[in-house]
Amino acid sequence: WVRNEVHSWVFDNVRDKWEAIRRKPTKFREMFSGYRASMLLVDIALSIVGIKGTSELAAAIPKWRPEDLHRFVSLFIFIRFPMVLAVNKMDLDNSAVVANGERIAAANPMDIVACLSAKEELALNEAIIKSFDEAGSPAATATGAGLTSSTLRMLEKAAAGSAPSRLTFGLQNVLRAAVEACLPIAIYPTADLGPLLVAPSPEGLTELPALLTTVLK
């Protein structure tokens with residue numbers, strides 16, 4: 001449903017200007033700038049469908065049918081708006097739930113599928129907060145009251161030091177997958193960090209150049 005809504009939004013905006021685009025095919029690229037898409041991204045999408053340069057674009061656009069536009073919009077959305085399918089309720093321990101998650105992943109091979117249990121995640125976070133309030137360390141005072149067996153097992157692992165550094169029942173993985181799906185944006189990438197060394201700075205800022213160098217590498 002979400003994908004169809006986004007597709008209709010983009011497709012209808014382009015279709016409404018189609019007569020103007022047919023008269024001036026180069027306008028087609030500009031129709032996608034309102035979605036915070038660079039012209040490079042639009043050109044990449046065009047190259048995938050076999051159109052490179054303004055001359056090829058001018059020759060192709062007048063011949064396009066609605067299905068051609070639909071195909072390009074689908075490709076553009078896939079690149080510009082990657083989607084993560086968050087499959088919830090995976091705490092239910094039965095084969096039907098597992099099979100359903102596998103079915104969703106198989107039916108959407110081009111999408112990112114991440115499983116989670118929002119209920120378990122909430123219980124885990126509440127338990128950690130409670131234990132921090134009482135003893136200052138995760139799982140130190142967990143009594144098990146109101147907690148599911150899965151949450152208790154995770155807390156026991158945390159107390160024993162064998163749990164992952166980030167305790168999660170999938171929610172953090174979903175958020176991480178969503179961030180990783182976004183195209184990176186380089187903001188003033190540079191290897192010249194000299195100005196940072198001479199600028200007035202509070203105590204501790206002298207370590208910033210080394211940190212930035214590591215990040216840039």
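**Close-up views of a predicted model**

**View 1. A salt-bridge network built around Arg65 and its neighbours.** The side chains of Glu67 and Arg65 come together in a salt bridge, with N and O 3.5 Å apart. The model shown here and in every view below is predicted. Glu67 counts as partly exposed because its relative accessibility is 37%. The pair does not stand alone: Arg65, Glu67, Asp68 and Arg71 are linked in a network of salt bridges. Side chains of opposite charge can pair when their charged atoms come close. In total, the structure holds six salt bridges.

**View 2. A salt bridge within helix 1.** Arg15 and Asp12 form a salt bridge whose closest N and O atoms are 3.0 Å apart. The two residues are three places apart in helix 1 (residues 2–16), so about one helical turn separates them. An α-helix has 3.6 residues a turn, so residues three or four places apart point the same way. With a relative accessibility of 47%, Arg15 counts as partly exposed. Asp12, at 28%, also counts as partly exposed.

**View 3. A salt bridge between helix 3 and helix 4.** Here Arg29 pairs with Asp43, and the closest N and O atoms are 2.8 Å apart. This salt bridge links distant parts of the chain, since Arg29 belongs to helix 3 (residues 27–30) and Asp43 to helix 4 (residues 39–48), 14 residues apart. Asp43 has a relative accessibility of 30% and therefore counts as partly exposed.

**View 4. The buried side of helix 4 and the glycine that follows.** Leu41, Val42, Ala45 and Leu46 are the buried residues to look for in helix 4. They cover an arc of only 140° around the axis, which means that they sit on the same side of helix 4. The cover over these buried residues includes helix 3, helix 5 and helix 6. After helix 4 comes Gly50, which has a positive phi near 90°.

**View 5. An exposed arginine with a positive phi.** Arg36 is found in the loop between helix 3 and helix 4. Its phi is positive, about 55°, although Arg36 is not a glycine. Most residues other than glycine have a negative phi. Is Arg36 buried or exposed? At 77% relative accessibility, Arg36 counts as exposed.

**View 6. Aromatic rings that join separate parts of the chain.** The count of aromatic pairs comes to eleven. In one of them, the ring centres of Trp18 and Trp64 are 6.4 Å apart and the planes meet at 15°, so the pair is stacked. Trp18 lies in helix 2 (residues 18–23), and Trp64 in the loop between helix 5 (53–60) and helix 6 (66–80), so the pair ties together parts that are 46 residues apart in sequence. Both Trp18 and Trp64 are buried. Phe32 and Phe76 make a tilted aromatic pair, with 4.8 Å from centre to centre and 55° between the planes. Because Phe32 lies in the loop between helix 3 and helix 4 and Phe76 in helix 6, this pair ties together parts that are 44 residues apart in sequence. Phe32 and Phe76 are both buried. One aromatic cluster takes in these four residues together with Trp9, Phe28, Tyr35, Phe72 and Phe81.

**View 7. The two faces of helix 7.** Helix 7 (residues 95–107) has 13 residues, which at 1.5 Å a residue should span 18 Å; its end C-alpha atoms are 18 Å apart, in agreement. Which residues of helix 7 are buried? They are Val97, Gly101 and Ile104. These residues cover an arc of only 65° around the axis, which places them on the same side of helix 7. The buried residues pack against strand 1 (84–87) and strand 2 (112–115). On the face turned away from the buried side are the exposed residues Ser95, Ala96, Glu102, Arg103, Ala106 and Ala107.

**View 8. A buried aspartate in the loop after helix 7.** Asp111 lies in the loop between helix 7 and strand 2. Asp111 counts as buried because its relative accessibility is 14%, and the cut-off for buried is under 20%. Its side chain makes a polar contact of 2.5 Å with the side chain of Arg3. Leaving aside residues up to four places away in sequence, Asp111 touches Arg3, Met83 and Leu85.

Notes
Residues are numbered from 1 along each chain as its sequence is written. This is a predicted model: local features need pLDDT of at least 70, side-chain atom pairs count only at pLDDT 80 or more; totals for chains, interfaces and linings use all residues. Side-chain values use heavy atoms; hydrogens and water are left out. Helices (H or I, at least four residues) and strands (E, at least two) are DSSP runs, numbered from the N terminus. The expected span of a helix is 1.5 Å times one less than its number of residues. Buried means under 20% relative accessible area, exposed over 50%, partly exposed in between (1.4 Å probe, protein chains only). The arc is that of the directions from the helix axis to the C-beta atoms. Contact means heavy atoms within 4.5 Å. A salt bridge is a side-chain nitrogen of Lys or Arg within 4 Å of a carboxyl oxygen of Asp or Glu. A polar contact is a pair of N or O atoms within 3.5 Å; within protein, one must be able to donate a hydrogen and the other to accept it, and residues adjacent in sequence count only if both atoms are side-chain atoms. Rings of Phe, Tyr and Trp (its six-membered ring) pair if their centres lie within 6.5 Å; planes under 30 degrees apart count as stacked, over 60 as edge-to-face and the rest as tilted.
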